[in-house]
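Please open the structure in a viewer and keep the selection panel at hand. The tour below proceeds by selections, each followed by a description of what is found there.

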Amino acid sequence: MSATMTQARSMPADRPTSRVQTFMSRHGAMTPTFAAVVILVLLLVGAEAFLRGDFITARTLSALLLDNAYLLVLAVGLTFVILTGGIDLSVGSVMAFTGILGAQLVASGVPVGIAIPAMLAGGSAVGLLIGVLVQRFDVQPFIASLAGLFLARGLAFVVSLASIRVEQPEILWLQQNRIRLGEWYVTPTGILALAVVAGAAVVLHLTQFGRTVYAIGGNEQSARLMGLSVARTKVSVYVISGFCGGLAGLLLTAYSGAGYPRNGIGTELDAIAAVVIGGTLLTGGRGYVLGSLIGVLVFGTIKTIISFMGAEQSWMQIIVGALLLLFIVVQRAIVARSVRRR
Amino acid sequence: MTRIWKHRLFWPSAALLVLITINSIARPRFLTITMRDGDLYGALIDILRNSAPLMLVALGMTLVIATRGIDLSVGAVMAVSGAVALTVIDGSPDPGNLGTVLVAIGFAVLVALVLGAWNGFLVAALGIQPIIATLVLMLAGRGVALLITGGFITTVNSAPFSYIASGYLLVLPFAVFVSAAAIALIAVVERRTALGVLTEAVGINPEASRLAGVRSRSIVWGAYIVSGTLAGVAGIIYASNIRAADANSAGWLIELYAILAVVLGGTSLAGGKFSIAGTVLGVLIIQTLEATILFLGVPSAQSPVFFAIVVIAVVMVQSPWVRGGLSKLTRSRRPQAVAEPERTKVAA
Amino acid sequence: MSVAPRPVRDNDAMDGARPLLELTGATVRFGADAALDDVSFQMFPGEVHSLMGENGAGKSTLIKAITGALALDAGTLTLDGRRVDFATPHDAQRAGISSVYQEIELLPNLSVAENIMLGRGPRSRGAVSQRLMRARAREILAELGLEIDPASTLGTHSVAVQQLVAIARAISTDVRVLVLDEPTSSLDLDEVAELFRIIRELRSSGVAILFVSHFLDQVYEICDRVTVLRDGKFVGEYVTQELLRIDLVHKMLGRKMSDYKERHRASVDEPEAPVFLSARGVDSAPGIANADVDLGEGEVVGVAGLLGSGRTALARALTGVSHLDSGIIRIEGSAVSLDSPRRAISLGVVYSSENRLAEGILGHLSVLENITLAVQAQRGVFRRMRPARQRELAQSWVEALAIRPADLDRPAGTLSGGNQQKVLLARLLALAPRVLVLDEPTRGIDVGAKVEIQNLVGELADNGLSVMFISAELEEVLRVGDRVAILREGRIVETVPSSDMTVDSLLALVASPDE
């Protein structure tokens with residue numbers, strides 16, 4: 001076949017031959033998140049079966065959101081960072097820092113209306129520091145965020161070496177107020193957390209900024225060449241993560257009624273696990289905040305199951321670690337297969 | 001070559017000297033070493049002894065970083081190692097028996113070695129990113145340690161075991177000998193055998209090394225095994241020091257201090273050329289800094305702030321330097337700084 | 001495939017009309033070297049223009065100057081008769097100069113529509129509408145006659161399609177000049193045909209296209225005119241059809257090949273040398289299928305084929321670098337299993353990768369350490385070579401191969417390309433191999449070093465080594481090889497004595513698909 005006579009208007013081998021193929025070529029990236037949903041459903045069904053039908057109740061499921069609202073907010077913030085291919089190991093410490101900061105401020109008489117913004121600003125400031133180190137000084141994200149972890153954890157103890165009770169009704173209201181719908185209930189903290197998820201989803205899919213986040217994770221160099229504002233976005237995702245750390249501090253303080261500098265030790269790992277289980281690739285560029293929501297629910301469900309079973313909480317860490325490993329190995333296998341196919 | 005050496009160890013040495021100088025000015029008795037009952041005491045001795053766990057972990061971290069990897073699980077491995085050792089001792093009829101203690105230590109270090117091999121398997125055989133692979137054990141390891149101790153802080157009263165962290169051998173604390181032995185062993189193996197240069201090759205370019213016939217997989221695997229084993233020994237020293245197994249506190253944040261020590265010592269996080277001497281200096285700097293902070297009356301819980309500042313300063317300083325050095329190596333072509341021609345704005 | 005000259009297009013725009021883009025007296029200096037030295041260059045609307053030259057001739061520098069990635073140290077760039085100075089590539093893009101490079105610079109995880117539209121067009125309050133982007137992308141793709149689903153993820157498509165999307169992006173704003181830098185390296189023949197169809201359509205709509213490729217036959221097929229650069233200087237501008245291939249190559253190379261020492265070639269009558277390595281039915285997916293090849297002692301087998309024909313796959317299959325799906329490799333008659341480079345090296349089979357930087361040189365290690373690396377790796381961890389012996393060994397090779405500068409402790413990354421290649425050769429030769437498989441050993445090297453390496457290959461064969469020499473330059477393959485194995489689409493089609501071939505006949509064999 002003479003090459004010069006080809007009139008083909010598309011690569012024959014490339015045209016999808018079925019609706020399934022079209023669907024996959026458009027939404028194939030959602031497969032890991034879909035897998036997470038399956039796992040969640042399996043967990044819930046399995047728990048219901050094994051724990052003799054006492055598990056799936058309105059009360060348990062409502063508590064699921066409330067007990068993990070802080071983790072959900074952290075996971076959303078982390079999703080932004082991980083989508084760009086980075087990582088933020090400071091979020092647990094930032095949460096502790098802003099929590100005790102807020103508690104200290106209100107205990108010293110600062111009005112709540114100033115204390116809360118201060119908490120958010122504190123978290124954002126740490127995030128900004130990390131973002132600048134990563135973007136401007138070319139520091140690897142895990143080192144930069146480790147520095148942030150050091151800093152936030154130390155500052156938490158600088159604010160106070162011991163825990164500080166919070167008695168301000170405005171803050172406690174966030175957690176104690178229950179909005180009931182039949183057997184179900186939700187608190188302002190839960191609504192806040194869900195609102196954060198919704199807001200993040202909108203930003204990631206309907207704004208230039210959000211698409212740039214994905215672009216950086218896909219190929220940072222290309223994104224830059226395509227004229228997207230890579231530098232600004234890279235710094236911003238860390239600020240967002242820090243902001244979410246601050247918000248999570250508020251939620252946790254409301255939940256526990258106190259600020260405590262030892263809070264959140266290891267929480268960043270839980271959040272990362274939740275994000276990965278939810279289908280976001282650690283290499284960046286692929287993932288959804290809705291997936292992170294699922295991941296947090298998976299995490300919370302496992303925790304609830306463990307407490308229902310009366311087992312030691314230390315199993316929690318092991319199981320989450322094992323799940324994380326499983327997901328990572330599977331992710332790796334999928335990547336290796338698609339690379340070989342080329 | 002001599003210029004490079006001078007360059008690499010110059011800054012860490014200078015930093016350490018400056019720290020020591022500041023300390024001896026602020027605290028006149030800082031440099032004093034006294035002898036009591038044939039044992040040496042003093043602030044400097046304390047630094048040497050207290051730095052033992054970090055020294056071991058940092059040595060292992062140096063090798064792992066040289067292969068372009070990272071080991072975030074060392075703290076958790078320390079916790080597991082302490083838990084195993086103490087559980088064995090606690091469960092034995094005679095905790096003070098030397099044989100029991102030796103078995104306990106041996107078993108604990110063996111477990112740590114296996115955990116290191118596990119990390120190595122994930123990274124070298126499965127090809128998983130080191131951060132992620134070791135993150136799993138960082139997460140799960142403390143859970144395992146808690147399970148082993150049953151959620152409690154197991155304490156023991158065992159003279160042989162306590163000897164490790166508090167005892168003296170000849171004139172110096174035993175822990176110092178452990179440190180020194182590890183340093184000597186690693187330095188000898190890395191430099192007198194070909195392991196050092198082959199490790200550097202793997203870190204600089206794993207694929208090119210593979211093509212040249214280097215056993216990349218084994219070298220990477222081995223680095224994680226060494227890191228895990230050393231973390232295991234460090235966990236023993238830590239547990240001996242507090243005479244207990246505290247799964248939550250053992251080795252908390254130590255991976256970060258270890259990474260900092262390696263970076264301070266001049267080894268690049270990007271892998272490749274590494275320096276044992278540099279890491280040793282880095283550890284001493286950190287330990288001296290910690291002692292300084294404590295002496296100033298800062299509660300130890302707040303000391304991470306200072307280290308954050310040190311980390312930030314170090315990476316900021318290294319960053320343009322690395323870029324400058326790299327551009328010399330790859331002869332990156334930048335246009336000459338010549339007077340730019342007049343730029344007329346292009347009408348869009 | 002037809003290699004007959006196409007009729008010259010009668011285009012008034014090229015006779016006396018004003019060029020669309022013009023470089024005059026362009027000079028770019030890096031330190032003391034002039035990458036471009038007083039170069040002139042023009043492109044007219046509605047033409048496909050080729051830029052030819054060896055590696056290092058200044059092609060990429062010229063492209064960077066045109067696309068705003070570099071500033072000129074002297075000379076002017078004019079667009080539509082007006083002088084322009086682009087501060088950034090974005091300025092050039094806004095002025096209508098777009099480029100598509102060999103490395104697809106797009107986002108595989110986003111949709112086709114986003115890859116075409118993101119970052120272009122008006123920035124409106126930060127919001128993006130997927131629907132609008134898809135609609136616009138569909139229009140642009142339709143203009144090019146492409147049926148690609150705009151909503152599909154880019155990464156799910158082949159490299160060829162991704163490249164077309166890159167072109168779609170390039171033309172999504174009003175493009176006047178389109179630069180295509182090595183666009184066909186990863187395409188098969190059908191995909192190349194599709195690309196050329198689009199190029200012709202763009203040409204007829206008045207776009208000026210700069211087509212940079214090392215595939216001579218493609219240049220002759222699609223380009224109207226060609227500009228030749230050599231050592232940063234402008235050699236000439238020609239109408240493609242009026243320039244004989246051999247003349248083009250001479251203008252690119254400049255000097256005669258008299259420096260090359262002719263080896264005594266085994267003619268067909270002489271008894272063949274004993275076969276050292278023989279491969280039968282080698283399959284290594286993807287890339288090479290059912291290949292049979294023999295490497296005799298003391299002979300050089302050249303390997304010729306277009307990019308993608310399986311040259312590198314063959315080399316890597318024979319040296320343990322890539323996994324063998326099936327097939328048997330025999331060394332001196334006995335079957336062996338080459339399942340890793342290490343194993344192959346232990347049997348005397350060594351490989352030099354075409355990607356010197358990514359798979360060869362360890363830049364931060366010294367010349368000494370680079371040279372002794374493979375020998376040390378074979379000896380294992382615990383049998384270190386004595387430092388004095390290492391130095392002796394490295395020094396002897398530095399002298400034998402004339403590696404410059406002869407400083408053993410210098411980081412290897414600071415050496416020039418040619419010397420780096422010699423260091424790599426030294427590393428392999430220090431192993432005292434029996435078989436040397438060289439993949440593109442002279443690519444990107446100055447001509448002097450090229451000839452030195454070619455001579456070296458001849459000497460090695462004379463000393464009894466079996467050499468497999470892979471190169472994209474057909475002249476080189478013919479010159480260096482005693483026999484030439486011709487690869488096409490993953491198969492060894494023929495193996496012929498090089499004395500029976502000319503460049504043209506080799507070209508025909510390499511390029512023609514199975515009828």
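**Chain A as a starting point**

In chain A, 77% of the contacts with a separation of 6 or more are accounted for by residues 24 or more positions apart. The model on display is a predicted one.

Keep chain A selected and colour it by secondary structure: 14 helices and 4 strands should appear. Viewed along the principal axes, the C-alpha atoms of chain A fill a box of roughly 85 × 55 × 35 Å. The radius of gyration of chain A is 22 Å, which agrees with the value near 20 Å that a compact globule of 342 residues would have. Of the 342 residues in chain A, 55% are buried.

**From chain A to chain C**

Next, add chain C and select the residues at its contact with chain A. This contact takes 34 residues from chain A and 36 residues from chain C. On the side of chain A that touches chain C, helices α1 (19-27) and α10 (208-225) of chain A each supply at least two residues. Which of the elements gives the most to this side of chain A? It is α10(A), with 12 residues. Colouring the side of chain A that touches chain C by residue class shows 12 nonpolar, 16 polar and 6 charged residues.

**From chain A to chain B**

Now hide chain C, show chain B, and select the contact between chains B and A. Here 32 residues come from chain B and 34 residues from chain A. Select α6 (130-149) and α14 (303-330) of chain B: each supplies at least two residues of the side of chain B that touches chain A. The element that gives the most to that side is α6(B), with 12 residues. By class, the side of chain B that touches chain A divides into 24 nonpolar, 7 polar and 1 charged.

**Inside chain C**

Finally, display chain C alone and colour it by domain. The domain assignment gives domain 1 (105-172), domain 2 (258-348 + 433-515) and domain 3 (357-432) of chain C. Taken over C-alpha atoms, the centres of domain 2 and domain 3 of chain C are separated by 24 Å. The contact between these two domains takes 12 residues from domain 2 of chain C and 10 residues from domain 3 of chain C.

Select α10 (341-346) and α15 (447-462) of chain C, each of which supplies at least two residues of the side of domain 2 that touches domain 3. With 4 residues, α15(C) gives the most to this side of domain 2. The side of domain 2 of chain C that touches domain 3 of chain C has 8 nonpolar, 2 polar and 2 charged residues.

How values were computed. Residues numbered from 1 in each chain as written. Chains lettered and ligands numbered in written order. Predicted model: local features only at pLDDT ≥ 70, side-chain atom pairs only at ≥ 80, totals over all residues. Contact = placed C-beta atoms within 7 Å. Nonpolar A, V, L, I, M, F, W, Y, C, P; charged D, E, K, R; others polar. Domains from an automatic or database assignment. Rg over C-alpha atoms; globule rule 2.2 N^0.38 Å. Buried ≥ 20, exposed ≤ 12 C-beta atoms within 10 Å, placed from the backbone.
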